[in-house]
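Got the viewer open? Let's take a short walk through this model, one selection at a time.

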Amino acid sequence: MPACSYACHSANHRASRRAFLGAAGAAAVLGPAGFASPAAARELAKTQKRVLVIFLAGGVSQLETWDPKPGTDTGGPFAAIPTAVPGTRIGELLPHTAKQMKRIALVRGLNSVSPDHGIGEKIMLTGRKPEAGVEYPHIGAVSAKLLGADGQAMPGHVHVFPAGAGGRSQDATFLGPKFASVPVVGGKPPADLFRPAGLTDEADRQRDDLRQKLSDKFAKSRRSAATEAYTESFAQAERVFRKADVFDISKEDPKTVARYGTHDFGRHLLLGRRLLESGVTYVKVSHSNYDTHHENFDFHIEQLGEFDRPFAALLDDLADRGMLDSTLVVVMSEMGRTPKINDRYGRDHWSAAWSVALAGCGIKGGAVVGKTNAGGTAVTDREVGSGHLFHTYLRALGLNPTKNFYPNERPIPIADPKADAITEILL
Amino acid sequence: MPARCRAVASVVVVLALSAGGFAAEPLHARIDALIAAGHPNYAKEAAPVAGDAEFVRRIYLDLAGTIPSAAEARAFLDDTSPGKRATLIDALLAAPGYARRMAQVFDVVLMERRPDAKVPRAAWDDYLRTTFAKNTPYDVFVRELLSADGTDPKTRPAAKFFLDRNLEPNLVTRDLGRVFLGRNLTCAQCHDHPHVGDYKQADYYGLLAFVNRSFLFPNATAATAVIAEKADGDVTFVSVFDKTKAVGATGPRMPGAKPLDEPKFDKGKEYTTAPAKDVKPVPAYSRRARLAAAVTSPDNPAFARTAANRLWAQLLGRGLVNPVENDHPGNPPSHPELLDLLTKEFAASQYDVKWLVREIVLSRTYQRASEVPAALADVPADRYLVANLKPLSPEQFAYAAAEATGETGLARTALAAKATDAALDAKLAPVVAAFRGVFAGRPGEPEDGLTTTLDQTLFLKNGGVVRALTVAKAGNLADRLAKLPDDAAADALFLAVLTRPATADEKADVAAAVKGAATRPAAFGELVWALMASGEFRFNH
Amino acid sequence: MLPTIDPTAARVEREFKHASPLVGCRFDLHGRFLFASAQDNTIQRFDLLTGAKTALVGHNSWVRGLAFVGTPANGTGEAAAYAGRVTALHAAAGFAAVTLPGPKPQPFTLVSADYHGNLIWWQGDAADPKPLRTVKAHDGWVRAVAVSPDGRTVASCGNDRLVKLWAAADGKPVRTLEGHAAHVYNVAFHPAGGRLASADLKGVVKDWDVKTGACGRDLDAKVLTKYDPTFMADIGGARAMGFSGDGAKLACAGIVNVSNAFAGVGNPAVVLFDWAAGTSKVLKPKDAFQGTAWGVGFHPAGFVVAAGGGSGGRVWFWTGDDAASAHAVTVPANARDLTLHPDGTRLAVAGANGSALVYTLTPAAPAKK
């Protein structure tokens, strides 16, 4: 691939310098710390859309969550509880989520084909089976590209995950590194975000002015997109730095922190909300881990216990801030878990019949689409794949999934042309 | 002389040269003639040849993988001898830095930062450096890479191309095509390439047939695995586009060439060592053993062409066929005659890498300035009117940063008499590793073009490694500058970091910056940073 | 008089099959029946004399805790007399003859605990037991249940971190014992009466005064717990717990050396406390075995016995002071619980394959000359 093919000759590139100069103006709207107040967030909400994916890493059990089968030989010991939606029951480990059910749509007929962590993750995040010859971008990079604004302060694609549970991901592929996920490890700000000790604001500003001056002179005389991209990257780092407060959970009302919980996932989900409010287009928050081959039930008590309350708190917060209608929320894993309980009280990998939950922008809350049989071993009604989900995300956001990207002038459909949106859960 | 006449005159000269077969004209002159012929008004529109400052920085980066020290730059700039550029080129080609630079480039070309599982990094580095220091002919080098089976410890590093891909046949096939034949055949695994008529599924499987019988012995995970081969296993393929599901078959063949003649064996005689539990089989006839010869054969024109184009791209910042790995009739070279010439001459030179590199860098085309002339409204990407910018590789960036800030000098001083290149490299290894960690491509991914991710920018802006280089400490650049008067300091600063004198404006900026500063060394530390973080440093221009 | 047992002679006396994997098992206090709870939410009662299988239906979730209220056995002549009558019948009418109805079992109450938080009282000896009483005891799983030596109090514990005491006679709540900071996995009454032990997920064992509800001390079984940083979850707990007959020792069984909680990579172990001193030592299988110890008991002959599973099922025997097992018996499937027969000659394990296996421990008869 030739260097910079995504930037050259594109409206994106030509607009960037103007956008850079304009960014300072945009920052003023957002207040002195560059951070959105609830009122300003409401304003933003009217025009911008954003995405939150909660990734339950390892493969959450659909039988312990969205599609319980109590009293069957695959159901396990947990009960199904009623929810705010009459006729819809979910697992007893999600009592707070049950109260939010009017906002949540369930897809219970998912067949994602591959019961493998790596391949399953790729399938679920790219909306396609892996193909030779093309690496498809994740929904995060696609969202950042299609929904992001030029010169926006914060990076468009952020991944929050616990330390030791992830790494740098090649998730933007041909869309380019601008849309690749920025890792936020353990909820901490990106490494080296803050000025090193001994460097005053004044000294930093001064040295940066000289850097900028030299770079501008150089760029002007060489007239290359690459030099501009390089200079712009410093401007973006500075913009992120000016919003460094977004990473500081202690800036929240302690009551809010308590509602999400002080455990890792609670804090990370709260950070995710703050990132979305500050203008990040797509945030993925990973919760580790659900790969319960051994003692599936005990571990789901613990992990879903960590998920349930903050998830409900998040939906409430988004609604309170008027952001729920413009934020697509998806709860997914790379796969589900076997209906068959193994001899160590575990459930193993499973892709043939499992569930995903959605809420927010463009989603019909309370809708349930797809059915599995009594034991959960097969989809009996409205089977869908990750491609259908991918179309659904884009339609929910008001985007057209039948269009193409054109890396290197080669048309690549944004979503799998063999699939289409699950209209039953779209508004 | 009116522009049109000049253009006509140069065309006439070119015609005369090629018609007369005047072989005495050095290659670099013929390069320039063909480049000039490739654009109307070339002489008028093209930027002038780069000034000494730009040239010395560029040639050091390209041939030594680092910027010149201030002293080396000063010496070159002050030198008044007319042939100094050629002298410097020859000196750099003879120096160990050349082998190190080429080893770094070809490590990434051949291995794409894959983990070192079966051939340790040190052994591989050593092998590559030795290859380029000895100036092993390129075809010999490639034959070593494709014929080593890993059993002989002396030649095992050469087998890394196969071994550290776990000899996964499809991966090896794709990379054989990409690296050595300039063909990205990935799509052709499943069907004829939908857009490139020239890349056929039969081509893909013809390559695969060389390696499909080979496997790692005793298994793919053993760190000491070697390459073994069975005597059977034929390649068939079906196109996913073909509704009739017709099955194709092929023996080993280079794209566009005939399949190899293969011997037949009586049943029971296919092996010299028959396969058995824990026994490495040795077939009487090895398909893989024919790969090296087939790839580098004069009957496989793609080999020499891709090699020449790759070296051109490395030095000029853009291949004559661009991208290098997409050579096909639908993507013709920008200067077909030039590419043919380079190909022919490279082969005729017995694939002498150093010779070709030398000829390329002696050309005016290579030495063109990168600053766009004011009068030039539009800079076409492929006409070489202006030198292309090349982002520094992670290694170049690291070594240049260490040199610019005085870290290399400090290391040399610390080692004193024991300052061999190996010792110096060892001392700088942590800095190189840090830059690699942030700027290198992901394993198995191409590493071309500039990336500017947030973590890279923050590494430069606030990271500890860069700060430790720039901040004044005893004997480094910032420390030395602080002891000089402003004017001299500004010049020394720009020479050390950007390999050029400071302009009057820049001197004023430096003076202003240190004027209000609490401490001079701290102020100069930040100035060193500012220059090192600027676009002018980030690119090889 | 104590029968001699020989663990090395342990052999299957009887296999009771069920269609669903088993979760827990207990011989009743008279030794007439083997109760085994299963993943189909039932408790299966197997008559050791007649082989009859009766389903106790009433729970809506898995049962792991099984405990009994009644007067302990008086005389064992019954079993031998019955066996004699069966032999005579078969001799007269052939093996296809109808099974002789067994002698009427002595009365007792079964209290079972399930993962929906309920305790159910049953007439354990009835021909077709039905729930007598259901008590919503805990929020979430009731993990274990025990009955005091005087038969008057039932103790339960669960995921709500509580230990609760109930009147055995009518199920009325007596007291709630608070203090555990994690799921409580097990409870056991001290044989002398008056004290109750409970153990939680984090390896804390509490020693309670039954009358006052005061916690006298905490004992440390933390070797049985681990936070797995790779999967970010806690594994642990005393999966089985019991006092020796003389009350001198307390055993807690579980898993140690966990390197992968989500794959169950670790080793079974029994933490053996000197109850008076509060000190402990760890008993482990002599041979490497990957899995969890799910059941534990004290045999009057001086053995500590444990059963468990992971990569297959095992029963282990420890004697005297040796921390390494003296003998191990391979059982066909993961053993999810262990129970020792009151007559000291047998033990049973609950199999993940749905089979409850009764092993006899009496020395094998010498080969006829």
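Here is a tour of some domains, one residue and two chain contacts.

A word before you click: this is a predicted model, where local features need pLDDT of at least 70, side-chain atom pairs count only at pLDDT 80 or more, and totals for chains, interfaces and linings use all residues. Residues are numbered from 1 along each chain as its sequence is written, while chains are lettered from A and ligands numbered from 1 in the order in which they are written.

**Stop 1: colour chain B by domain.** Chain B is divided into domain 1 (3-94 + 303-310 + 331-362), domain 2 (108-296) and domain 3 (390-540), with bounds that come from an automatic or database domain assignment. Taken over C-alpha atoms, the centres of domain 1 and domain 3 of chain B are 30 Å apart. Where they touch, domain 1 of chain B brings 14 residues and domain 3 of chain B brings 12; two residues count as in contact if their C-beta atoms, placed from the backbone, lie within 7 Å. On the domain 1 side, pick out α4 (52-64) and α5 (70-78) of chain B, the elements that give two or more residues. The largest share, six residues, comes from α4(B). Helices here are DSSP runs (H or I, at least four residues), numbered from the N terminus.

**Stop 2: select B:Gly409.** You'll find B:Gly409 in helix α18 (residues 407-415) of chain B. Is this residue buried or exposed? B:Gly409 counts as partly exposed because 19 other C-beta atoms lie within 10 Å; 20 or more would make a residue buried, and 12 or fewer exposed, with C-beta atoms placed from the backbone. Now draw a distance to B:Lys461, 52 residues apart along the chain: the C-alpha atoms are separated by 23 Å.

**Stop 3: show chains A and B together.** Here 46 residues of chain B are in contact with 43 residues of chain A. On the chain B side, α20(B) gives the most, with seven residues. By class, that side of chain B has 19 nonpolar, 16 polar and 11 charged residues. Ala, Val, Leu, Ile, Met, Phe, Trp, Tyr, Cys and Pro count as nonpolar, Asp, Glu, Lys and Arg as charged, and the others, Gly among them, as polar.

**Stop 4: swap chain B for chain C.** This contact takes 19 residues from chain A and 23 residues from chain C. Zoom in on helix α10 (residues 296-320) of chain A, which supplies the largest share of chain A's side, four residues. That side has six nonpolar, eight polar and five charged residues.
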